[in-house]
Amino acid sequence: MRFDGTFTDGWMRRFAASASATEAELTALDQQAGDGDFGVNLTTGLDATVRALNGAPTGSLAAAQQPLQSAATTFLDEVGGTSGPLFGLLLEELALAAAAGTALTVPALAAGAGSGLSVIQRIGEAAPGDKTLIDALAPACDALNSRGTDADVRKALAAAAGAAWDGVRNTAQLRARRGRASYLGERATGVADPGAVGIGLLFASAGETVTALAPFLTCLSASLPGTETRPRP
């Protein structure tokens, strides 16, 4: 398989489908640890991304960069809240790294994710352990960097997703030091950070559509309305 624009187009569409399928769960999490608007903001941005992809000119899928740049532009221009611009910056760095060639490579993914991490840390002034999306993105970057230059893109993204979900679960044990959750103190303990969950969805959607968060949150799934504790797949 060639990891060109057809692949990244499908990735962004699956990301949109994942956000739509889990919007209620994302909202429930953010109602406990934030403003309650993360699910809506994420789906709004990704719905707009899909519309932009549908309106893209013929031939735009020749390069892996184009769908990623469409998603980045949409998030930066149209999505409010704190997380929208941060996801836009990450997607923009992924797009810039992918611009080196028509096909996406593991080194490009690692470079783009790493640059996105650096930009987000600089702008958001957050660090690992602050209970933010950094706690999922940093381990995902480590997973990508651990892969060889000739590694399979799908397997590398799957490894990044697994590392991100591990980071998501770890956020539940952290006391928030940044963002809206920092004002809640101990009340946010035991709740996964919604932004970190969004990072898990981003990387997981490279391979499949995520239809429910509970299987990825294991013991935390009891806090989500209408779910029960289930083992991680």
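# A tour of an all-helix chain, starting at L68

Select L68 to begin: its relative accessibility is 0%, so the residue counts as buried. The model you have open is predicted.

**Stop 1: L68 and its surroundings**

L68 sits in helix 4, residues 65–78. Show what touches L68. Leaving out residues up to four places away in sequence, you will find T8, W11, M12, L91, L94, A95 and A98. Pick L94 from that set. L94 is 26 residues from L68 in sequence, yet the two C-alpha atoms are 7.0 Å apart.

**Stop 2: the rest of helix 4**

Widen the selection to helix 4. The helix has 14 residues. From first C-alpha to last it reaches 20 Å, close to the 20 Å expected at 1.5 Å a residue. Now colour its buried residues: Q65, P67, L68, Q69, A71, A72, T74 and F75. What covers them? The cover includes helix 1, helix 3 (38–54) and helix 5.

**Stop 3: zoom out**

Show the whole chain. How many helices and strands does it have? There are ten helices and zero strands. Read from the N terminus, the elements run α-α-α-α-α-α-α-α-α-α. The chain has 233 residues, and 55% of them are buried. Next, consider contacts with a separation of 6 or more. Residues 24 or more positions apart account for 69% of these.

**Stop 4: helix 1 against helix 9**

Select residues 5–21 for helix 1 and 194–204 for helix 9. Two packed helices are described by the angle between their axes and the distance between the axes. Here the axes come within 8 Å and cross at roughly 135°. Helix 1 and helix 9 are therefore oblique to each other. The crossing of helix 1 past helix 9 is right-handed.

Show the side chains where they meet. Helix 1 brings W11, M12, F15 and S18. Helix 9 brings G198, L201 and L202. By class, this contact has five nonpolar, two polar and no charged residues. Two of the helix 1 names may look familiar: W11 and M12 also touch L68.

**Stop 5: helix 5**

Select residues 83–98, which form helix 5. Its 16 residues should span 22 Å at 1.5 Å a residue, and the end C-alpha atoms are 23 Å apart, which agrees. Is helix 5 mostly covered or uncovered? It is mostly covered, with 13 of its 16 residues buried.

**Stop 6: helix 5 against helix 6**

Add residues 106–124 for helix 6. Helix 5 and helix 6 pack at about 145°, with their axes 8 Å apart. Their crossing is right-handed. On the helix 5 side, select L86, L89, L90, E93, L94 and A97. On the helix 6 side, select A108, L109, A111, G112, A113, S115, G116, V119, I120 and I123. The classes here are twelve nonpolar, three polar and one charged. L94 returns at this stop: it contributes to the contact with helix 6, and it also touches L68.

**Stop 7: helix 6 against helix 7**

Keep helix 6 on screen and add helix 7, residues 134–145. The two axes come within 9 Å and cross at roughly 150°. That makes helix 6 roughly antiparallel to helix 7. Helix 6 passes helix 7 in a left-handed crossing.

For the contact, pick V106, L109, A110, A113, G114, G116, L117, I120 and Q121 in helix 6. Their partners in helix 7 are I134, L137, A138, C141, L144 and N145. This contact has eleven nonpolar, four polar and no charged residues.

**Stop 8: the loop between helix 6 and helix 7**

Most residues other than glycine have a negative phi. Select E125, in the loop between helix 6 and helix 7. E125 is not a glycine, yet its phi is positive, about 55°. Then select K131, in the loop between helix 6 and helix 7. K131 is not a glycine either, and its phi is positive at about 65°.

Which way does each residue go, buried or exposed? E125 is exposed, with a relative accessible area of 52%. K131 is buried, with a relative accessible area of 1%.

**Last stop: T27**

Finish at T27 in helix 2, residues 23–33. Its relative accessible area is 17%; the cut-off for buried is under 20%, so T27 is buried. Leaving aside neighbours within four places in sequence, T27 is in contact with G36 and G39.

Terms used: Residues numbered from 1 in each chain as written. Predicted model: local features only at pLDDT ≥ 70, side-chain atom pairs only at ≥ 80, totals over all residues. Heavy atoms only, no water. Axes fitted to C-alpha atoms, helices over the stretch in contact; angles between N-to-C directions. Helix = DSSP H or I, 4+ residues; strand = E, 2+ residues; numbered from the N terminus. Parallel < 35°, antiparallel > 145°, perpendicular 65-115°, else oblique. Left-handed = near helix turned anticlockwise from the far one by under 90°. Contact = heavy atoms within 4.5 Å. Nonpolar A, V, L, I, M, F, W, Y, C, P; charged D, E, K, R; others polar. Expected span 1.5 Å × (residues − 1). Buried < 20%, exposed > 50% of the residue type's maximum accessible area, 1.4 Å probe, protein only.
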